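I opened the notebook to look up two things, a sheet and a pocket. My entries follow in the order of looking.

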Amino acid sequence: MTSAPAAPAEGLQAPAPAVSPAPTAAELLDFARSIAADAAVVAELPLDAEGRTWRRLEGPGGAEAWLIGWPPGAETGWHDHGGSYGVFVTAAGELTEHSLAVPLPTEGWRSLELADGVDRRRVLPEGKGRAFGREHVHQVVNVSETTHAVSVHAYYPPLPLMRRYSRKDSTLRLEFVERPEEW
């Protein structure tokens, strides 16, 4: 005969289910590095000569993660991550990141004139990666003319949206907002 679990004593509450804490940027980076170093996982991603390919992964602590293939010349365009912090690591090939070293307002503007000295450029060869904060605006490019690149990305909280920007000289313009159902 099976008995039901005992009810908590009167006046006491049952313990709340354990909630895992949000992963830190360092934990996300460790996760992305481990996936990037797994040659079997990286090799499973189909690559396309015309466009980026991707596969969603389960990230740590409820994080959203992606394995992304980049054909030669592919790029993301300027974008942010809707208030999520994140990381990316190059698993194969080499990626170049262009970013802005200035926080942008998230609402109430359509066009901004950027000051001199805010542009940053990082080259991330195979095995290298970086973490970024909630206000990070960047574009990622595979500048190679002949070689595919593959990368691992992780975000927390899962991306609520992405704002897409255009850039001409020192002018950054908010073009549109994408929601998860659109990617």
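I count two strands as paired if DSSP finds at least two bridges between them. Strands (E, at least two residues) and helices (H or I, at least four) are DSSP runs, numbered from the N terminus.

I noted that the model is predicted, with local features needing pLDDT of at least 70, side-chain atom pairs counted only at pLDDT 80 or more, and totals for chains, interfaces and linings using all residues. Numbering starts from 1 along each chain as its sequence is written, and side-chain values use heavy atoms, with hydrogens and water left out.

Sheet. I looked up β1 and β2, which pair in the antiparallel sense over six bridges. R55 has L67, in β2, as its bridge partner. Both strands belong to an open sheet of five, in the order β1-β2-β10-β4-β8, with antiparallel pairing. β1 (53-58) and β8 (129-132) are the edge strands, each pairing on one side only.

Pocket. I then looked up the largest pocket (on a 1 Å grid over the protein atoms alone, an open set of points where a 1.4 Å probe fits, with protein on both sides within 12 Å along at least five of seven lines). I found 18 residues lining this pocket, with R52, I68, Y155, M162 and R164 nearest its centre; a lining residue has an atom within 4 Å of a point. β2 (64-70), β9 (138-141), β10 (149-156) and β11 (162-168) are the elements that give two or more residues to the lining. Which element gives the largest share of the lining? It is β2, with three residues.
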